[in-house]
Amino acid sequence: MQKYALLVTSVLKPYSSLLFLNNKYVGLLLILITFTNPSVGLSGVFGVLFTILFAELIEFKESYLAQGFYIYNSLLVGMGIGFLFSPSLISIALIAMASAFTFMLSFMLNRLFSTYKIPILSLPFSIVTMFIYLASLKYSNLLSTLINNSTLYDIQLPLIISGFLKSFGTIFFLPTNIAGALILLLVLYFSRILFVMAVSGYYFGITIHSYLIGSYEQALYDPYAFNYILVAVALCGVFLLPTWKNYILALIGVAISVMLTDAIAILFSYYSIPVFTLPFNITVIVFIFILSITYYKEFNLEIKSTPEESLSNYLSRIFRFGKTYVKLSLPFSGEWSVYQAFDDTWTHKGEYKYAYDFVKIKEGKTYANEGLYATDYYAFGESILSPVSGHVIAARHDLVDNIIGEVDRVNNWGNYIIIKSDSGFFVEISHLMQYSLTLKVGDYVETNAIIAKCGNSGYSPEPHIHIQAQYLGVLGGFTQEFCFSEYVQEDRLLFNSVPKKSELINAVIKDRSISSRLHFILDDVFEYEVYENEKFQESVVFRVKMNTYSQFYLEDEAGNELYFYNDTKQFYFYNYKGGESHLKWLFKLAPRIPFVSMYKIHFVDYLPVYLVKSKLKSSLIEFLATLNQNVYRQERSYYFDGKCINSVYGEVCLAPTNKALTLISYNKTQLRRKL
Amino acid sequence: MSKLTYEKPTINKIDFAMASKYGSPIHTQKIRTEIDGISVNELTQKFGSPIFVFSEKKMEELYNNLYSAFSSRYPDVQFGWSYKTNYLNEICKVFHRLGSCAEVVSEFEYQKARALGIEGKDIIFNGPYKPYADLKIAVEEGAKIHVDNLFELDDLEKIATELEIVIPLAIRINMDIGVYPQWSRFGFNYENGDAYEAIERMYASKRMKLVGIHSHIGTFMLDANAYRNATTKIMQLKEQVERDFNSEIAYIDLGGGFASKSNLKGVYQSTDVVIPTPDDYAEAITNVIYDLNKSEKLPKLYLETGRALIDEAGYLLTSVHGYKRFPDGKKGYILDAGVNLLYTSTWYNFTIETDRHYEGENEPSLLNGPLCMNIDIIEENISLPPLNRGTVLSISPVGAYNYTQAMQFIRYKPAAVLIDRDGNARCIKEVDDLATVNYKEV
């Protein structure tokens, strides 16, 4: 049974992939639409089925197929053959051959391309159909089945609209405005962003083309204008995030594809080969190649099933977890003051601007007495804590601590340590106290572990901690922008921020007990008793589960899923699938639980829009977020005293010693942990 | 202008060693004009000399620093104020106000804690000598008794039978933690199985059960790793006991011994270099608990830190009574405080500061106390400018042990002053007089 379900998915997914959507119902509707031209519809299905059969034959892993990723090119090839020849034994045999070849070509190209993080798009289809069309010139047996598709079921519409719809239909080898309109409605229903991009891409391309060739009408009749649609959608929404900047990029891409389409058309027409999607493939591949290699910021790193979802996922991530992955913990404990911040007065300049200096201050001074001895300084001798988990790759600790008033101009970094973090970047800390290092090169160190003491070696006018992130693990390497993952300022806990000069900040030391209480293991079961208005209602059970991507989630009996992650510094929820439920409330009540118990703190978090708004409002907000990302910002305040998290939604509490949350309380509902 | 007093000429070596090419940034005189904003001269004028001065602000700071180093890493930490370190009532009150319970090692200290309003359950009763009658009172009042030896276990069994109760107990253990000399005099040894046998003995009697494990590995521990080792062994024993006797060890007690920023004689680096920070100690202990805890619950963690919480908050102010020139040319000052008040001067080099800047070259000087004893030397060889009669010297850090161990010998025990959080000084103990000394003499 499961195998059939998988087969159905494998057949349906490729159809929706053609529209950059990932939804089997879209696939089903699209299959139906393709049957408006039975030859195309049938041949497409044959293409997919033959591919699956071939994949079975070579014992290809099923999970690959379920993605629909390696099949949509075969689907296109199948439809392409069906578009040219009406189904016959010979044409079906041709489809079988071509599908198998396309499938292998897809796999091979993907392997090669993935090294450079570029997608194959429909390049395999373009190549294979090129061969088929070339070869078919000789196949007189086949030519007898050649069909004329020119005027199939069209309705009377102004050319300017009809042209667009026809182009849309052509993506599925259905160059009729009815098919186009149906597909367009489908797109509109699932993604407004795709719809807008399709419209703007098309008309922008047509405008450019018409200026170049001098005829608006001729441009509208161009059978390959669908390339503009595909380029626009791919560059602003699918591979790049739907933002203003990418909108402009997409239009530039469309303009380029106009020129490519004409050029290729001239060349190909000698051999009667249709251009199909080649211009789209070339344009998008070139864009993605350069943008991915240069770490373009608005790249869509996690492609979700619609551009809306991708954007929503991206915005949630940057609001909640910051834009940079270079995150450090503070290298000390207790309260310190910023002496130099990024791009500051004295030494944090140019390539070395991303660095911080910290000193300890009491009553406005960094020292006791007159500050004439290094030992008078409050910072001197304080423990330095590792800001990351990683390996020590370089260190020195034999230099003497300067007398106050002297600096070491030769060894200006003083005693130092360089740690290669587990995330790949490097952290350098300078001016360590002589012989205070507790580690040696090669050692592994955990975040917050004590590594040395604050000293006054190197170019240091007074004892302080200098910290910077670097691209390379060499002393004096250029600095890289970073942020501090957590710190406390007054009574607020800030995430992924950088303090300003002279600000007093408190380090957060991880309370491992909170982390261990939230250390959920696969198949842990937590039972709760539900009370409404203090009256017992029912018992519910949350079970810890894991999906195929190794993502953990809590699942209730109704099958709602709440995804969580136990980071080194905090526990957080990041995704919810399902309807209204206690789990959905739990996400809102405690989107994250920091492992901090010593302070009573306020913090803010940003909830995903789908959690707090109705479906209609969510889609509106997601659409508007392309214009102004701030509309997506659903800021909520939380208060955490080490035991309970309070917010406008209610309260959740941790038990002092037991695992999991003991109380989940919202409105008049209370879930009490049953032990 | 008054006439200069005649002084016998001497030749002194002048030390330029610390001067750099920018001149000498190191001031050659250590000066302390005030404590928490009150001038040292004002303090001696108002409260007499010599006098112990304690800063409540500094005590709070030390307490909070150490406590937050632990509480930020561990959810259930309790400090017990070590009475023997300094049991002046007002000092104890400060620590109780900050959240400490009491840690006592004798019936006298126990009574003192009770008199300060501390309930039995908030008193940890330690020490090798617990008189039967007082032990019984402590049991009745629910004190946390940390058993030191088998005789005490017998006593406790007898008390339990008399009272018809099961006494929850903690056991003091000693062990090899890699620091020598090993403190093996107190409690039961872990490695040779004495500790485990004593616990078996407890459960065999059915009158006692184990709820806590305590160790105190030494004093002025300069290596935080020693605590790592101690905690490891405590956690191992805890697991063993919980498994074998199906019991719950509710708390572990790592004792004290954290170093203060005092200069141990024979250690030549700065205290900042050699003294572990609160973070060092906290990390060592809590990480081991997390790594080795096998039971559902984390044990409550007790610490009985004394020195690290009070030493740097205490000063002894003493005045120059006179000086003389010894035959070897060294200058000798006679002070009104001596080793009778500075018991710890045997082990520590104190910081000695003058009340203002004095003109003249530094010269090697000897600081003598008021006792008519040859050993009454506070500093053998200290570089000081010429001081006058009446100059007030601040000796620090002396908050730990010096007051409690100060002797009434030759002179009266001095007064003590506490400067509170608002910077107001008040006398918390007056200077003794003949009546105090004669009291109870028959």
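Q: Helices (H or I, at least four residues) and strands (E, at least two) are DSSP runs, numbered from the N terminus. Between which two elements of chain B does the loop with Tyr401(B) lie?
A: The model is predicted. Tyr401(B) is placed in a loop of chain B. The flanking elements are β20 and α12.

Q: Is Tyr401(B) buried or exposed?
A: A residue is buried if 20 or more other C-beta atoms lie within 10 Å of its own. Tyr401(B) has 21 such atoms. Tyr401(B) is therefore buried.

Q: What is the phi of Tyr401(B)?
A: Most residues other than glycine have a negative phi. Tyr401(B) is not a glycine, yet its phi is positive. The value is about 65 degrees.

Q: Which peptide bond is cis with omega near -10 degrees?
A: Most peptide bonds are trans. In chain B, a proline in the loop between β20 (392-396) and α12 (402-405) takes part in a cis bond. The bond runs from Ser396(B) to Pro397(B).

Q: What is omega for the peptide bond that joins Ser49(B) and Pro50(B)?
A: Pro50(B) is in the loop between α1 (40-47) and β3 (51-55) of chain B. Its bond with Ser49(B) is cis. Omega is about -5 degrees.

Q: Is Glu164(B) buried or exposed?
A: Glu164(B) has a positive phi of about 55 degrees, although it is not a glycine. It sits in the loop between α6 and β8 (167-174) of chain B. A residue is exposed if 12 or fewer other C-beta atoms lie within 10 Å. Glu164(B) has 7, so it is exposed.

Q: How do α5(B) and α6(B) lie to each other?
A: Helix α5 (residues 132-140) and helix α6 (residues 150-163) of chain B have axes that come within 10 Å. They cross at roughly 55 degrees, and the crossing is right-handed. That angle makes α5(B) oblique to α6(B).

Q: How many charged residues are in the contact of α5(B) with α6(B)?
A: From α5(B) come Tyr132(B), Leu135(B), Lys136(B), Val139(B) and Glu140(B). From α6(B) come Asp155(B), Ile159(B) and Leu163(B). The contact has five nonpolar residues and no polar ones. Its charged residues number three.

Q: Is Lys233(B) buried or exposed?
A: Lys233(B) is part of helix α8 (residues 225-245) of chain B. It touches Met175(B) and Tyr190(B), not counting residues up to four places away in sequence. It has 22 C-beta neighbours inside 10 Å, so it counts as buried.

Q: How many Å separate the C-alpha atoms of Lys233(B) and Ile177(B)?
A: Along the chain, Lys233(B) and Ile177(B) are 56 residues apart. In space, their C-alpha atoms are separated by 8.8 Å.

Q: Which helix gives the largest share of the side of chain B that touches chain A?
A: In all, 23 residues of chain B are in contact with 24 residues of chain A. On the chain B side, α2 (56-71), α9 (271-274) and α10 (278-292) each supply at least two residues. By class, that side has nine nonpolar, seven polar and seven charged residues. The largest share, four residues, comes from α10(B).

Q: How far apart are the centres of domain 1 and domain 3 of chain A?
A: Chain A is divided into domain 1 (1-147), domain 2 (156-305), domain 3 (327-481) and domain 4 (513-674). Its C-alpha atoms fill a box of roughly 100 × 70 × 50 Å. Taken over C-alpha atoms, the centres of domain 1 and domain 3 are separated by 59 Å.

Q: How do α3(A) and α6(A) lie to each other?
A: Helix α3 (residues 38-57) and helix α6 (residues 89-114) of chain A have axes 8 Å apart. They pack at about 55 degrees. That makes α3(A) oblique to α6(A).

Q: How many charged residues are in the contact of α3(A) with α6(A)?
A: The α3(A) residues include Phe46(A), Phe50(A) and Phe54(A). Those of α6(A) include Ile92(A), Ile95(A) and Phe103(A). Nine residues of the contact are nonpolar and four polar. As for charged ones, there are none: no charged residues.

Q: How far apart in space are Pro461(A) and Asn547(A)?
A: Pro461(A) lies in the loop between β9 (450-453) and β10 (465-470) of chain A. It is exposed, with 12 other C-beta atoms within 10 Å. Asn547(A) is 86 residues from it in sequence. C-alpha to C-alpha, the two are apart by 55 Å.

Conventions
Residues numbered from 1 in each chain as written. Chains lettered and ligands numbered in written order. Predicted model: local features only at pLDDT ≥ 70, side-chain atom pairs only at ≥ 80, totals over all residues. Axes fitted to C-alpha atoms, helices over the stretch in contact; angles between N-to-C directions. Parallel < 35°, antiparallel > 145°, perpendicular 65-115°, else oblique. Contact = placed C-beta atoms within 7 Å. Nonpolar A, V, L, I, M, F, W, Y, C, P; charged D, E, K, R; others polar. Domains from an automatic or database assignment. Left-handed = near helix turned anticlockwise from the far one by under 90°.
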